[in-house]
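I sat down with a fresh page and a cup of tea to look through this one. Here are my notes, in the order I looked things up.

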Amino acid sequence: MAWYKSGMAGEAIEHRTFSARIDCHYLVQAPQETGPSTLLVATLHGFGQNPEMMLRLTAALLGPRHV
């Protein structure tokens, strides 16, 4: 276990990790043809959105020629 001094006197930050198993689900929208300028874009949503809304927002932002 490593202890690191923070910027404040007398305080230390303890770095810890944990493992978690999660099931990930995703939507993919791809054009019929891709090329060298086609981008692969990943967006994440939180509790304020859903996957379908984020897909529509991302497609509106980047255009139809990206995955």
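**Entry 1: Arg 16 and its partner**

I started at a side-chain pair: Arg 16 and Glu 14 are joined by a polar contact of 2.4 Å. I should say at once that I am working from a predicted model. The pair is also a salt bridge, with 2.4 Å between the closest N and O atoms of Glu 14 and Arg 16. I looked up where Arg 16 sits, and found it in the loop between strand S2 (12-14) and H1.

Buried or exposed, I asked of Arg 16? Its relative accessibility is 65%, and exposed means over 50%, so Arg 16 counts as exposed. Glu 14 has a relative accessible area of 26%, which makes it partly exposed.

**Entry 2: the other salt bridge**

How many salt bridges are there? I get a count of 2. Besides the pair above, I noted Arg 21 with Asp 23, where the closest N and O atoms are 3.1 Å apart. Arg 21 is exposed at 72% relative accessibility, and Asp 23 is exposed too, with a relative accessible area of 56%.

**Entry 3: stepping back**

I then took in the whole protein. I find 1 helix and 2 strands, and along the sequence they come in the pattern β-β-α. Of the 67 residues, 6% are buried. I put the accessible surface at about 6600 Å², with 59% of it belonging to carbon and sulfur atoms. I also looked at how contacts are spread along the sequence: among those between residues at least 6 apart, 52% join residues at least 24 apart.

**Entry 4: the helix and its ends**

Does the helix length fit or clash with its residue count, and what span should I expect for H1? Helix H1 covers residues 51-62, and at 1.5 Å a residue its 12 residues should span 16 Å. The expected span uses one less than the number of residues. The end C-alpha atoms are 16 Å apart, so the two agree.

At the N-terminal end, I found Asn 50 acting as the cap: one of its side-chain oxygens lies 3.2 Å from the backbone nitrogen of Glu 52. Just after the helix, Gly 63 has a positive phi of about 95 degrees.

**Entry 5: Thr 58 and Thr 43**

Next I picked Thr 58, which lies in H1. At 16% relative accessibility it falls under the 20% limit, so Thr 58 counts as buried. Setting aside neighbours within four places in sequence, I see Thr 58 in contact with Val 41, Thr 43 and Gly 63.

I followed the link to Thr 43, in the loop between S2 and H1. The side chains of Thr 43 and Thr 58 share a polar contact of 3.4 Å. With the near sequence neighbours left out, Thr 43 touches Met 54 and Thr 58. Met 54 and Thr 58 made me think of a helix rule. An α-helix has 3.6 residues a turn, so residues three or four places apart point the same way.

Thr 43 is partly exposed, with a relative accessible area of 39%. I took two C-alpha distances from Thr 43 as well. Tyr 26 is 17 residues away in sequence and 9.7 Å away in space, while Leu 57, 14 residues along the chain, is at 9.8 Å. Leu 57 is in H1, and is partly exposed at 43% relative accessible area.

**Entry 6: a nonpolar patch**

Which residues make the nonpolar surface patch? I wrote down Leu 39, Val 41, Leu 61 and Leu 62, which together give about 350 Å². Leu 62 belongs to helix H1. It is partly exposed, with a relative accessible area of 31%.

**Entry 7: His 66**

My last stop was His 66, in the segment after H1. At 10% relative accessibility, His 66 counts as buried. What does its side chain pair with? A polar atom of the His 66 side chain lies 2.9 Å from the backbone nitrogen of Leu 39, and Leu 39 is one of the patch residues I had just listed. Leaving out neighbours within four places in sequence, I have His 66 in contact with Gln 29, Pro 31, Ser 37, Thr 38 and Leu 39.

Technical notes:
Residues numbered from 1 in each chain as written. Predicted model: local features only at pLDDT ≥ 70, side-chain atom pairs only at ≥ 80, totals over all residues. Heavy atoms only, no water. Helix = DSSP H or I, 4+ residues; strand = E, 2+ residues; numbered from the N terminus. Polar contact = N/O pair within 3.5 Å; in protein donor to acceptor, adjacent residues only side chain to side chain. Buried < 20%, exposed > 50% of the residue type's maximum accessible area, 1.4 Å probe, protein only. Contact = heavy atoms within 4.5 Å. Patch = residues over 30% accessible without salt bridge, like charges linked within 9 Å, V, L, I, M, F, W, Y side chains within 5 Å. Areas by Shrake-Rupley, 256 points an atom, 1.4 Å probe, with all protein chains shown as cover. Salt bridge = Lys/Arg side-chain N within 4 Å of Asp/Glu carboxyl O.
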